[in-house]
Structures are given as C-alpha cells and as structure tokens.
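The report below follows a few individual residues into the fold, and then turns to the sheet, the nonpolar cores and the confidence of the model. Please keep the structure open while reading.

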Amino acid sequence: MLLTIDVGNTQTTLGLFDGEDVVEHWRISTDPRRTADELAVLMQGLMGSHTAVSEAKVDGLAICSSVPAVLHELREVTRRYYGDVPAVIVEPGVKTGVHVLMDNPKEVGADRIVNALAANHLYGGPCIVVDFGTATTFDAVNERGDYVGGAIAPGIEISVDALGVRGAQLRKIELARPRNVIGKNTVEGMQSGILYGFAGQVDGLVNRMSRELAKDPEDVQVIATGGLASLVLGEATTIDVHEPWLTLIGLRLVYERNRPAA
C-alpha cells in the first residue's frame, strides 16, 4: 500500500492507497514543533487503529509539504521508520510531467503542481483547481496540461479569524450556512458575508481566469478541493467537480512516475 502525506500550513492530510483506490484517510493539525518520533507514533497509531489497515504493509511513501520544518522531520521519519520503503518527496528534480510556465517555477508550491497533475489526469485541460485551505488558491492548467499560473486569496478561516480579532464587536463564529442572506443578527451577518462573499469571489475569479485560459470559457473544467470546499460547493455556481483527495491522487501519480529512482 502507498501512504501519501500532504502537509498544509494548517492541516496535514494522509491517505492510504491500495492501487488507485483511497482505502483510508486522516486529517490532523500541522504542528511544526512535532519531532520525527512524534510524527511516526501518530502515523502508526492512526494506521494501527483500523484492523484492515494495520494488517497491511506500507510499501511506498509520497510526500509534499508547504512547511519546511515539518518536511525536515518527515525526511527523518522515512529514514528511521521506513528505511526499506521507497519514498518520493515532491521537490525540484522530481518528475511530475507538469511544465510550469511561470516567471520563477521554483516559487510554485509542490501541492499546487501536484493538484495540477491530478486535475489534468482526471479531467483533462483546460481546467482550474480551486483549493480551499489556509489560503484559497486558484491554479490554471491549459489544454496541454501545463501549469500556467494562478491566484492566491486569503482563506476562509483566516478571514473569520481576522474579523474576530480586528472587529471590536465581532467574534469567532461557526462556519455554517445562515438562515438568510440578509442576516438577522451579527452571527448570521458574518456567516452570510463569509459564505456568500467567498462564493462570489470564487465565481468572479474563475470567470475571469476562464476567459484568459480558453477561447471558449465553457470548455474549462473547475475542480474544487481542500478541507473547506464543502462549505462553498452549494453556492459557487462555477464549480463543476468536488474532488476532496485531489492532492493525494496527485501524489500517487508522482510516486508512480518516480518509483524506479526512489
């Protein structure tokens, strides 16, 4: 089985693949203070809590990380606890098959390249990936599968936190759908602004990007992923597909491309 690990700024997602199928998955908080030993105990504890998974042997690892401190510790995990298991870490020099058409390709996060690979593999290009994480990222892939650029906006949770901190009479709220767009109290007003405001942001950016990406904007497939995607799905009219494990699928594809050299 292949264990895939996607380290985001706020959360880390782990997925276990049997062939092309995700047989189990976990989501944990990203903590740069965790040591390699703590990470190994946590990973093995999660896998050991499921009988079917605990009896299976991990015979491959694929990792991408947006947090250098965590990546450093994960390298140690692979060395100490999975030394006999082929491991692929997405970084410069690793084959992804994605041509990055940016001014400085090294600036692009590994997770965004992996998402572009998976989106093109599953749905073809042109397409746009909207990833709802710590930041909300928009990544554009042309008809040839090249990564051509994107946009970065503050994430939903960042915006909620900022309202609670900077608003004298505001506070942190539950991210939930309000009864009406016109809120009848402060909490509902904030929920409406966050939910429908972000849905409008998604539709606005996707429409503008689609016009630049393709002669016919209707040809562009829009794929949503990330931990908070489900909150906006029902309100953003431009999203075609929800693929919660897009990054993990991309990691599997990268692993398959690089396994002989692992």
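Thr96 is buried in this predicted model, because its relative accessible area of 11% falls under the 20% limit for that class. The residue belongs to the loop between β5 (87-89) and α4, and, once residues up to four places away in sequence are set aside, Thr96 touches Ile113, Leu117, Val254 and Arg257. With Val254 the separation along the chain is 158 residues, although the two C-alpha atoms are 5.6 Å apart in space.

Three further residues can be set beside Thr96, and the table gives the place and relative accessibility of each.

| Residue | Location | Relative accessibility | Class |
|---|---|---|---|
| Thr96 | loop between β5 and α4 | 11% | buried |
| Asp111 | helix α4 | 17% | buried |
| Gly125 | loop between α4 and β6 | 30% | partly exposed |
| Arg252 | helix α8 | 5% | buried |

Asp111 carries an annotation from a record, since UniProt, in an unreviewed entry, lists this residue under "active site". Beyond its neighbours within four places in sequence, Asp111 is in contact with Asp6, Cys64, Ser66 and Thr247.

Arg252, in helix α8, counts as buried at 5% relative accessibility, and its contacts outside the four-place window are Leu2, Thr4, Phe17, Gly19 and Glu20. Gly125, by contrast, is partly exposed; with the neighbours within four places in sequence left aside, Gly125 is in contact with Asn120, Asn142 and Glu143. The C-alpha atoms of Gly125 and Ile28 are separated by 32 Å, with these positions 97 residues apart along the chain.

How are the strands of the open sheet ordered? The order of the five strands is β8-β7-β6-β9-β10, and their pairing is mixed. The edges are taken by β8 (147-154) and β10 (241-242), and because each of them has a single partner strand, one side of each is left without a neighbour in the sheet. Within this arrangement, β6 (residues 127-132) pairs with β9 (residues 221-225) in the parallel sense over five bridges, and Asp131 stands opposite Thr225 in β9. Helix α4 (residues 110-123), which holds Asp111, lies across β6, β7 (135-141), β8, β9 and β10 and runs at about 120 degrees to β8.

In soluble globular proteins, nonpolar side chains tend to be buried together. Here the largest nonpolar core has 29 residues, of which Val90, Ala119, Tyr147, Ile223, Leu246, Leu251 and Val254 touch the most other members. Two or more residues of this core come from each of β4 (60-65), α4, β6 and α8 (246-258). Leu246 illustrates how these parts meet, for its contacts beyond four places in sequence are Asn115, Ala118, Ala119, Leu122, Val129, Ile223 and Thr225. A second core of 26 residues is separate from the one just described, and Phe138, Val160, Ala214 and Ala229 are among its members.

As to confidence, the mean pLDDT of the protein is 90, and 93% of its residues reach 70 or more. Among the elements, the highest mean pLDDT, 97, is that of β9, whereas helix α2 (residues 51-54) has the lowest, 65.

Definitions and conventions. Residues are numbered from 1 along each chain as its sequence is written. This is a predicted model: local features need pLDDT of at least 70, side-chain atom pairs count only at pLDDT 80 or more; totals for chains, interfaces and linings use all residues. Side-chain values use heavy atoms; hydrogens and water are left out. Two strands pair if DSSP finds at least two bridges between them. Helices (H or I, at least four residues) and strands (E, at least two) are DSSP runs, numbered from the N terminus. Contact means heavy atoms within 4.5 Å. Axes are lines fitted to C-alpha atoms, for helices over the stretch in contact, and angles run from 0 to 180 degrees between N-to-C directions. pLDDT is the predictor's confidence in each residue, from 0 to 100. Buried means under 20% relative accessible area, exposed over 50%, partly exposed in between (1.4 Å probe, protein chains only). A nonpolar core is a set of buried Ala, Val, Leu, Ile, Met, Phe, Trp, Tyr and Cys residues joined through side-chain atoms within 4.5 Å.
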